[in-house]
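Here is a short report on one protein model. Look at the structure first, then read on.

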Amino acid sequence: MNLVDRELLELVDSDVLFFKLCLNEFVTFGLSDGIKIYRIDPFENVWEGRIGEIKLVEVLSISPCRIAFVGTGKDPSLSPRKIIFYNTTTSKKIDDLSFPKTILSLDLNETRFIVNTFDKIHIYETPKFEFQTSIDKETKGNNICALSKVGTRNLLAFPKKNFIQVYDLDSYELCCSVKCHNNPISCVGFGLNQSYLVTSSIIGTCIRVFEINKNNNNNNLKKIKEFKRGTRKAKIFQTSFIFNDKYLLVTSKHKTIHVFDIEKEKTFCKLHLKPDIPRICGISKNNENQIILITPEPNILIYQLDVKNKKLVFIKSCSIDFNQEEQEEKGEKGGKN
């Protein structure tokens, strides 16, 4: 999932508790005093609400604009075990869902809404958010899971120690359980077209890509690629496929963003960022050649992948100052290739 954990946010002096790229168009921020949502292109503040300390925010739909959020529990009305559904156009609560255990993450695609709690993953069918089933987690307290975004099948992947389990969310059956690493898994993600699944372990030096068999049979994951991120141990925060699954972006606790060539199985280019702070990455909804990097300072950085010259070219940065209630768009260098 495209989200942030506490370890990342402790690296900066900020009121940001959470940030996420939603629908490849919006950036949501959970703050110590509420929520702010920005559109990336054109860059603008589309909604904000001072409603208390918020740890998770998900954009559910654009028109009407509906969001789901979870509080930290500092305010008794914002329990970490309750999701609040909210219409930002009317500024009214729609509904809420409560769970026995703490909610760790949220995610959705066109037909499924995923609630990852301490001990279970709960599956709902959208747009009516009708409950379908719950899946028990062996690794309790782990917020790592991935939901396929497009394609002919709804797939959910999450770790079981150093194995990856893949569920078909149409039949609600286990597709496969495959050992991916020798150490516990720290990151998992699907390709844009459900062709690939990518994983990394807590060591973070090795990134593995598996091909997803489109047939409904057992053991339908086959390792096809392996990339070396480096020799130093690093926590991988996110992986993101781009250019129709031709390239893979990897962000980590170290300051280098790697772009791997899937076909040639080698490093395509690197981006060296000055602050040693993790990044979230994604693709612009309006331009698939543009890469979106989000930092917890917070800044939104836009790069373009120059395939011919094998480098990430800086386009612009969008800086946000929550204290002064203003944002600024700049076209200056934000990294070093």
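In this predicted model, D170 and R112 form a salt bridge, with their closest N and O atoms 3.3 Å apart. D170 sits in the loop between β15 (163-168) and β16 (173-179), while R112 belongs to strand β10, so the bridge ties together parts 58 residues apart in sequence. The two ends differ in exposure. D170 is partly exposed, because its relative accessibility is 39%. R112 has 7% and therefore counts as buried, since the cut-off for buried is under 20%.

**Strand β10**

How many residues of strand β10 are buried? The count is 6 of the 6, covering residues 112-117, so the strand is largely enclosed by the rest of the structure. R112, I114 and N116 point one way from β10. F113, V115 and T117 point the other way.

β10 has a partner strand on each of two hairpins. Strand β9 (residues 103-108) runs antiparallel to β10, and 5 bridges join them. One bridge pairs L108 with F113 of β10. The β9–β10 hairpin has 3 residues between its strands. Strand β11 (residues 120-125) also pairs with β10 in the antiparallel sense, over 5 bridges. Here V115 has H122 of β11 as its bridge partner. A hairpin of 2 linking residues joins β10 to β11.

**Other salt bridges**

The structure holds 16 salt bridges. Three of them are listed here.

| Pair | Closest N to O distance |
|---|---|
| E25 and R39 | 2.8 Å |
| D170 and R112 | 3.3 Å |
| E138 and K161 | 4.0 Å |

E138 lies in the loop between β12 (130-136) and β13 (146-147), and K161 in the loop between β14 (155-160) and β15; they are 23 residues apart. E138 is partly exposed because its relative accessibility is 46%. K161 reaches 54%, so it counts as exposed. E25, by contrast, counts as buried because its value is 12%. There is also a network of salt bridges that links K20, E58, D107 and K149.

**Cysteines**

The structure holds 0 disulfides. C22 has 0% relative accessibility, so it counts as buried. C206 is buried too, because its value is 10%.

**Cavities**

There are 4 cavities of 30 Å³ or more. The largest has a volume of about 50 Å³. Which residues line the largest cavity? They are N116, I121, K137, T139, N142, I144, F158 and P159. By class, this lining has 4 nonpolar, 3 polar and 1 charged residues. N116 brings us back to β10, where it points the same way as R112 and I114.

Note on methods. Residues are numbered from 1 along each chain as its sequence is written. This is a predicted model: local features need pLDDT of at least 70, side-chain atom pairs count only at pLDDT 80 or more; totals for chains, interfaces and linings use all residues. Side-chain values use heavy atoms; hydrogens and water are left out. On a 1 Å grid over the protein atoms alone, a cavity is a set of points where a 1.4 Å probe fits but cannot get out, and a pocket is an open set with protein on both sides within 12 Å along at least five of seven lines; lining residues have an atom within 4 Å of a point. Grid points are joined across faces, edges and corners, and a volume is the space filled by probe spheres set on the points. Ala, Val, Leu, Ile, Met, Phe, Trp, Tyr, Cys and Pro count as nonpolar, Asp, Glu, Lys and Arg as charged, and the others, Gly among them, as polar. Buried means under 20% relative accessible area, exposed over 50%, partly exposed in between (1.4 Å probe, protein chains only). Helices (H or I, at least four residues) and strands (E, at least two) are DSSP runs, numbered from the N terminus. Two strands pair if DSSP finds at least two bridges between them. A disulfide is a pair of cysteine sulfur atoms within 2.5 Å. A salt bridge is a side-chain nitrogen of Lys or Arg within 4 Å of a carboxyl oxygen of Asp or Glu.
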